[in-house]
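Colleague: Please take a close look at one loop for me, its backbone and its surroundings, and then carry on to the packing that goes with it. I would be glad of the cut-offs as you go.

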Amino acid sequence: MRSSFSSWDNLGVKTAAPSELFRKLPSVDDVMHLPAVRALAASYGHDSVVDAARLVLARLREEIASGLLDDDALALALSGLVGGVENQLRQALSYSLRPVINATGVILHTNLGRAPLAEAAIEHIRETAASYSNLEFDLAAGTRGKRDVHVDRLFQRLLDEEVNGRGVTSAEARRQKPPSVSTIVVNNNAAAVLLALNTIAEGGEVIVSRGELVEIGGSFRIPDVMAKSGAILREVGTTNRTRTSDYEGAITERTRLLLRVHRSNFEITGFTGQASTGELVALARRRGIPLMEDLGSGALLDLRSIGIGGEPGVLDSLRSSVDIVTYSGDKLLGGPQAGLISGSAELIARMRSNSLFRALRVDKLIYAALEATLLAYARRDHDAIPTLRMMRLSKEAIGERAEALAAQVNAPKVKLEVIDGESILGGGAAPSSVLPTRLLALTCEGLRADELAARLRGSEPPIIARVDEGRVLLDLRTVSSGQDAAVVAALSRIVA
Ligand SMILES: *Cc1c(COP(=O)(O)O)cnc(C)c1O
């Protein structure tokens, strides 16, 4: 409503004394007695309508107080009062959290909710949410069970058997050779790091390279998490170079852990050097101190197979005998928000019995989504996982879709071009890895690029695009093909 009044404030109309105008405002009670408002109350509920009417009247009072309304403007506003209440109601009673179309080409966009889930994960959430489940119930024994068994078997298959060689699949074989790699699930990777540090190093020292004291978006800073965990940070090396001997020189009887943190969102180039994982593993073994890697993204699939290098895989670390790795469920893994801790069965058992684990545990819906996602990995059905599917799309396939989409847009004022560009993994993964793509570049007569982008955000569903050098860029890599029609409709509509 505000915008319909603002056009009045610069007309130079002499404004009546505010007190007179205030007197013309109806009371909430008056408004509630209007027949049209009573009808609203019948469908939306009395209290919601009272709230909406209060808000609309309060807004009018504010506008009068700040001299924005004269007699005529107020009369006009009052004639639209019922409409205003209805708009307010609709806004108050609709979802604030809504789906959007991600046309940025950033596959793991933290602001846009990171990984979209696999269909099977959504279905498994639905069935688990709608009914009771055996979350903590052992169906065979009829007794209390553990919630982590549901994903544990899959992690064992995906990690333990991979690390310790295939073939350890039968229950009999598992009894003879207990798994050396276990996994537990907490709320997110920040929680995973906190739990691991607290369990292994509370009251003791943790050695970290100065080049890895990172901040990940959303105020996750290694030194702060370290302080909260009760462990003492022992920085070694320099920003650009840290040697194995730097770690070794800092080891004392108080040292509990060597920590390596993946530089998820930046790179250091030039005169640089860091200890290799192999050297650190050897040092850790020699001194009897565990080595932990915070991988951040932690891919379960070998991304080198799709041309993405430099992103450490969970299996790479475990195969190199790193004791503990922490990684996110909703980054490259492509599952729900979760923090995963994999590694030494003995250390994981200690984390499981830490009371912090109880505070950081995840609910049944996360287990359901994670189980379905891991099952897709176990079946090697990587295309079932949207983030992996997006990463594997070829530039040519994206280009063809972009051309087809451009041909359908019916907006004479819009200039559409399909050009070369790059998609980004995002979510603190492989900062320098980009995937070649084809972009839909838009300009519109009479609209600046940022205005065009704002209109796209205002469409239903909102479309989020990149703006670059006076153009709006849409990358269909992150748009599901089912959404192409919505993009065509939005483009045709907003510039009509
Ligand atoms: C993303 C990231 C985190 C935080 O993970 P969340 O799942 O967002 O809590 C921690 N460490 C690294 C290295 C990361 O990349």
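**A loop and its surroundings**

Modeller: At 22% relative accessibility, R114 counts as partly exposed (buried is under 20% relative accessible area, exposed over 50%, and partly exposed in between, with a 1.4 Å probe and protein chains only). Do bear in mind that this is a predicted model, in which local features need pLDDT of at least 70 and side-chain atom pairs count only at pLDDT 80 or more, while totals for chains, interfaces and linings use all residues. Residues are numbered from 1 along each chain as its sequence is written, and side-chain values use heavy atoms, with hydrogens and water left out.

R114 is found in the loop between strand 2 (106-108) and helix 8 (119-130); helices (H or I, at least four residues) and strands (E, at least two) are DSSP runs numbered from the N terminus. What makes its backbone worth your attention is a positive phi of about 50°, although R114 is not a glycine. Most residues other than glycine have a negative phi, and most peptide bonds are trans. S321 is another non-glycine residue with a positive phi, of about 70°. S321 lies in the loop between helix 15 (314-319) and strand 12 (324-328), and at 35% relative accessibility S321 counts as partly exposed. As for the peptide bonds, the one from E460 to P461 is cis, with omega near -5°, and P461 sits in the loop between helix 21 and strand 16.

Now go back to the loop of R114 and follow the chain into helix 8. The axes of helix 8 and helix 18 (residues 364-378) come within 8 Å and cross at roughly 145°; axes are lines fitted to C-alpha atoms, for helices over the stretch in contact, and angles run from 0 to 180 degrees between N-to-C directions. On the helix 8 side, the contact (heavy atoms within 4.5 Å) is made by A120, A121, H124, I125, T128 and A129. Helix 18 answers with K364, L365, A368, A369, E371, A372 and T373. By class, this contact of helix 8 with helix 18 has 8 nonpolar, 3 polar and 2 charged residues, where Ala, Val, Leu, Ile, Met, Phe, Trp, Tyr, Cys and Pro count as nonpolar, Asp, Glu, Lys and Arg as charged, and the others, Gly among them, as polar.

On the other side of strand 2 in sequence is N102, which has its place in strand 1 (residues 101-102). N102 is buried, with a relative accessible area of 12%. Leaving aside neighbours within four places in sequence, N102 is in contact with H109, L112, I464, D475, T478 and V479.

Strand 1 also leads us to helix 22. The buried residues of helix 22 are D484, V487, V488, A490, L491, S492 and I494. These buried residues pack against strand 1, helix 20, strand 15 (434-444), helix 21 (449-457), strand 16 (463-464) and strand 18 (471-475).

Of those partners, helix 20 (residues 395-408) packs with helix 22 (residues 484-494) at an angle of about 40°, with their axes 9 Å apart. Helix 20 and helix 22 are therefore oblique to each other (under 35 degrees counts as roughly parallel, over 145 as roughly antiparallel, 65 to 115 as roughly perpendicular and the rest as oblique). R401, L405 and Q408 in helix 20 meet D484, V487, V488, L491 and S492 in helix 22. By class, the contact of helix 20 with helix 22 has 4 nonpolar, 2 polar and 2 charged residues.

For another helix pair, try helix 4 (residues 35-44) and helix 5 (residues 46-65), whose axes come within 7 Å and cross at roughly 130°. That makes helix 4 oblique to helix 5. V37, L40, A41 and Y44 of helix 4 make the contact with H46, S48 and V49 of helix 5. Here the classes are 5 nonpolar, 2 polar and no charged residues.

To place all this in the whole chain, picture 22 helices and 18 strands, with the C-alpha atoms filling a box of roughly 85 × 55 × 50 Å along the principal axes. Of the 496 residues, 47% count as buried. Among contacts between residues at least 6 apart in sequence, 75% join residues at least 24 apart.
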